[in-house]
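Okay, thanks for letting me have the slot today. I'd like to walk you through the cross-links in this one, and then a few odd spots in the backbone. Let me put it up on the screen.

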Amino acid sequence: MGLLTDEMKARKHLEEVVTQLNTEVISKTLNITNNLGQTNLIIADLHAKLQNMEIKLEQSVQQQKNGKCCSSSKCFQPSEGQLDHSAKLFIHSAELYYASTKLFYVTTHGTTYVRWSRKQCPDENNTELVYSGYTGGGSYNDYGAAPEPVCLPLDPDFNKTSGGGGDYAIIHGAEFDSNFFASNSAHQDIPCAVCRVKQASSVIMIPGKNMCYTGWNLEYNGYLATNAYNEHGASSYICIDIQPEYVTGGSSWKHDGKLFYEVVAKCGSLQCPPYHNDYPMTCVVCSK
């Protein structure tokens, strides 16, 4: 009987410890510090507590395995209450592992996106600037132009000084071709910023929205843009910031290259409503 009482006390104590630790971890997971050094200390502390919990659990199990029979004919069997305690302990341990793993993941991983026509990243959502640069891509009128724009860094590195001869691809800078995006945006060269959201694993661009859906965080919003429909060069859709900036020292003269125009809705195969003919399309970039 003494063994049964000690076993129940041990399991009850361990359950209380794990419950307290689980609450602590979830709280720290929901309020992750911006200081990476402090975060690493939290992770190290959680790992130590997890290891200590595993040792205690192993000791508890070993005690039960080594328990002597309660009588000459009947050995110790756990009661329904003890099994319930074990189930709770397992659930708390799983929650603890999930929370500590989540804490480790969001502080060491993150995800990236490009903020088009801005030089800096948003101040919200613990987002950091990876680098800023120039928006580049294939010519608006070349059949073989690559559709995707890229964010070219301000400090490029080169290994060679000339191509191999024969056919080759070309990358240009990018500019707006109208004053739609701002009153003086026509022919302005477009900057870009590569941003990293430290506490997110997904980033999406939603066309036709200027706010994020519930559960997602706003990075920035603006207007959908791509090449003109009657030009030859392929081009993908990007989201131009609602408050565009221009390349410092860039030219306001038309140099063509990669061009961006506003995108308007066309009814027909596109359902109207909810869309409206010739309305410019908004966009939003969201993280989670």
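So, which residues are linked in a network of salt bridges? The answer is Arg115, Arg118, Asp241 and Glu245. Before I go on, a word on where this comes from: this is a predicted model, so local features need pLDDT of at least 70 and side-chain atom pairs count only at pLDDT 80 or more, while totals for chains, interfaces and linings use all residues. Residues are numbered from 1 along each chain as its sequence is written, and side-chain values use heavy atoms, with hydrogens and water left out.

Back to the salt bridges. By that I mean a side-chain nitrogen of Lys or Arg within 4 Å of a carboxyl oxygen of Asp or Glu. There are six of them in the structure.

Take Arg118 and Glu245, whose side chains make a salt bridge at 3.3 Å, N to O. Arg118 sits in the loop between strand S1 (111-116) and strand S2 (127-137), and Glu245 in the loop between strand S8 (238-241) and strand S9 (258-262), so this pair ties together parts that are 127 residues apart in sequence. When I say strand, I'm using DSSP runs, numbered from the N terminus: E for strands, at least two residues, and H or I for helices, at least four. Arg118 counts as buried at 16% relative accessibility, whereas Glu245 is partly exposed at 27%. The cut-offs there are under 20% relative accessible area for buried, over 50% for exposed, and partly exposed in between, with a 1.4 Å probe and protein chains only.

Next one: Lys198 and Glu128 form a salt bridge, with the closest N and O atoms 3.8 Å apart. Lys198 is in the loop between strand S5 (191-197) and strand S6 (203-207) and Glu128 is in strand S2, so to speak a link between distant parts of the chain, 70 residues apart. Lys198 is partly exposed at 25%, and Glu128 is partly exposed at 28%.

Then there's Asp278 with Lys266, a salt bridge at 2.5 Å, N to O. Asp278 lies in the loop between S9 and strand S10 (282-287), and Lys266 lies in the loop between S9 and S10 too, so here the parts tied together are 12 residues apart in sequence. Asp278 comes out partly exposed at 40%, while Lys266 is exposed at 51%.

Okay, on to the sulfurs. How many disulfides does the structure hold? Five, where a disulfide is a pair of cysteine sulfur atoms within 2.5 Å. I'll show you three of those.

Here's Cys151 with Cys192, sulfur atoms 2.1 Å apart. Cys151 is in strand S3 (residues 150-153) and Cys192 in strand S5, so this disulfide ties together parts that are 41 residues apart in sequence. The link is right-handed, with 95° about the S-S bond. Cys151 is buried at 8%, and Cys192 is buried at 0%.

Now Cys212 to Cys286, S to S 2.1 Å. This pair links distant parts of the chain, with Cys212 in the loop between S6 and strand S7 (217-226) and Cys286 in strand S10, 74 residues apart. The torsion about the S-S bond is about -100°, so this disulfide is left-handed. Cys212 is buried at 18%, and Cys286 is buried at 0%.

The third is Cys267 with Cys272, their sulfur atoms 2.0 Å apart. The torsion about that S-S bond is about -95°, so this disulfide is left-handed. Cys267 is partly exposed at 36%, and Cys272 is partly exposed at 30%.

Stay at Cys272 for a second, as that brings me to the backbone. Most residues other than glycine have a negative phi, and most peptide bonds are trans. Here, though, the peptide bond from Cys272 to Pro273 is cis, with omega near -15°. The peptide bond from Pro273 to Pro274 is cis as well, with omega near 20°. Pro273 lies in the loop between S9 and S10, and Pro274 has its place there too.

And which way does phi go at Ser117, positive or negative? Positive, about 70°, although Ser117 is not a glycine. Ser117 is in the loop between S1 and S2 and is buried at 0% relative accessibility. His187, in the loop between strand S4 (172-176) and S5, has a positive phi near 70°.

That's what I had. Happy to go back to any of these on the screen.
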